[in-house]
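This report covers a predicted model of protein and DNA. It treats the surfaces around the DNA strands first and the fold of one chain afterwards.

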Protein chains: 2
Amino acid sequence: MPSQIRGEHRSRSKVFKALGHPTRLFLLEELSRGERCVCELRDMVHADISTVSKHLSLLKEAGVVSDRKEGLKVFYSLRIPCVMKFFDCLDEVERASASCCASSRKPRP
Amino acid sequence: MPSQIRGEHRSRSKVFKALGHPTRLFLLEELSRGERCVCELRDMVHADISTVSKHLSLLKEAGVVSDRKEGLKVFYSLRIPCVMKFFDCLDEVERASASCCASSRKPRP
DNA sequence: GAACTATTTGGCAGTTTAGCCAAATAGTTG
DNA sequence: CAACTATTTGGCTAAACTGCCAAATAGTTC
């Protein structure tokens with residue numbers, strides 16, 4: 001019985017906020033295949049390298065990715081692989097939207 | 001091989017953005033126990049009823065909750081229960097932060 | 001239909017975010 | 001150390017988000 005907004009909600013929402021951008025989801029999808037340097041990612045995303053860097057910083061700040069420096073390059077990798085499983089659930093959103101409204105709804109106690 | 005930002009990324013990010021707010025996570029947690037009317041939720045959240053209503057609209061727009069009118073009241077319910085499972089994964093983020101850095105990292109191919 | 005309850009909508013001020021450029025930093029190489 | 005490459009940081013503008021209030025809407029009840 002939480003009945004209040006707790007720190008838990010705040011820290012979790014921070015992660016979701018980090019996931020709430022198309023470019024960052026793309027970056028995560030790419031990182032799920034293995035670590036990549038910023039320069040590789042920039043080539044895939046149509047954006048300034050500073051923009052890509054900031055997206056990655058934000059993901060790192062949220063704890064979703066980690067980075068590793070090797071020479072001049074910085075390699076980012078997915079630190080919490082389980083986030084990739086979220087997508088299966090999200091596709092349910094779309095399926096539910098398509099074949100609408102026959103869904104389960106808990107009755108009031 | 002996606003190699004591009006697709007509509008998929010956009011629609012998914014919309015859902016994550018909707019989850020990216022402490023109050024909305026609280027609302028979802030409450031709705032996971034059964035449907036609730038706006039007035040009930042307002043009593044739990046320290047915010048104007050119009051603010052609560054807007055949070056709920058946003059969640060509905062993202063496809064995460066649905067609403068049902070009964071007399072004067074509008075009852076909201078969780079449409080995609082699987083989002084509640086996300087939290088288990090998110091707690092991994094914190095655990096990983098605590099017992100730092102011994103994590104798995106895919107080597108480059 | 002007037003008074004009332006529950007909810008949504010519009011609008012506004014303050015804050016945050018996105019993306020670009022320029023400049024700074026870090027590391028490599030001649 | 002000068003020139004170069006890779007990345008980050010600071011600053012700026014435009015856009016989006018938050019939360020409150022006031023007003024509008026929807027439905028109920030007398």
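DNA strand C is surrounded by 24 residues, of which A:H55, B:C39, B:S53, B:K54 and B:Y76 are the closest; a residue counts as near a strand if one of its heavy atoms lies within 4 Å of it. Of the atoms of DNA strand C that come within 4 Å of the protein, 61% belong to sugar and phosphate. The model is predicted: local features need pLDDT of at least 70 and side-chain atom pairs count only at pLDDT 80 or more, while totals for chains, interfaces and linings use all residues. Residues are numbered from 1 along each chain as its sequence is written, chains are lettered from A and ligands numbered from 1 in the order in which they are written, and side-chain values use heavy atoms, with hydrogens and water left out.

Helix 4 of chain A supplies five residues, the largest share of the surface near DNA strand C. Helix 3 (38-44), helix 4 and strand 3 (73-78) of chain B each supply at least two residues. Helices (H or I, at least four residues) and strands (E, at least two) are DSSP runs, numbered from the N terminus. By class, this surface has 10 nonpolar, seven polar and seven charged residues; Ala, Val, Leu, Ile, Met, Phe, Trp, Tyr, Cys and Pro count as nonpolar, Asp, Glu, Lys and Arg as charged, and the others, Gly among them, as polar.

Around DNA strand D there are 24 residues, and A:C39, A:S53, A:K54, A:Y76 and B:H55 come nearest. Sugar and phosphate make up 62% of the atoms of DNA strand D within 4 Å of the protein. With five residues, helix 4 of chain B gives the most to the surface near DNA strand D.

Pairs of N or O atoms within 3.5 Å are polar contacts; several between protein and DNA are listed here.

| Protein atom | DNA atom | Distance |
|---|---|---|
| A:S50, side-chain N or O | strand C, base nitrogen | 2.9 Å |
| A:H55, side-chain N or O | strand C, phosphate oxygen | 2.8 Å |
| B:V38, backbone N or O | strand C, phosphate oxygen | 3.3 Å |
| A:Y76, side-chain N or O | strand D, phosphate oxygen | 2.8 Å |
| B:H55, side-chain N or O | strand D, phosphate oxygen | 2.9 Å |

Chain A has five helices and three strands, in the order α-α-β-α-α-β-β-α from the N terminus. Of its 109 residues, 46% are buried, that is, under 20% relative accessible area (1.4 Å probe, protein chains only).

Notes. Buried < 20%, exposed > 50% of the residue type's maximum accessible area, 1.4 Å probe, protein only. Polar contact = N/O pair within 3.5 Å; in protein donor to acceptor, adjacent residues only side chain to side chain.
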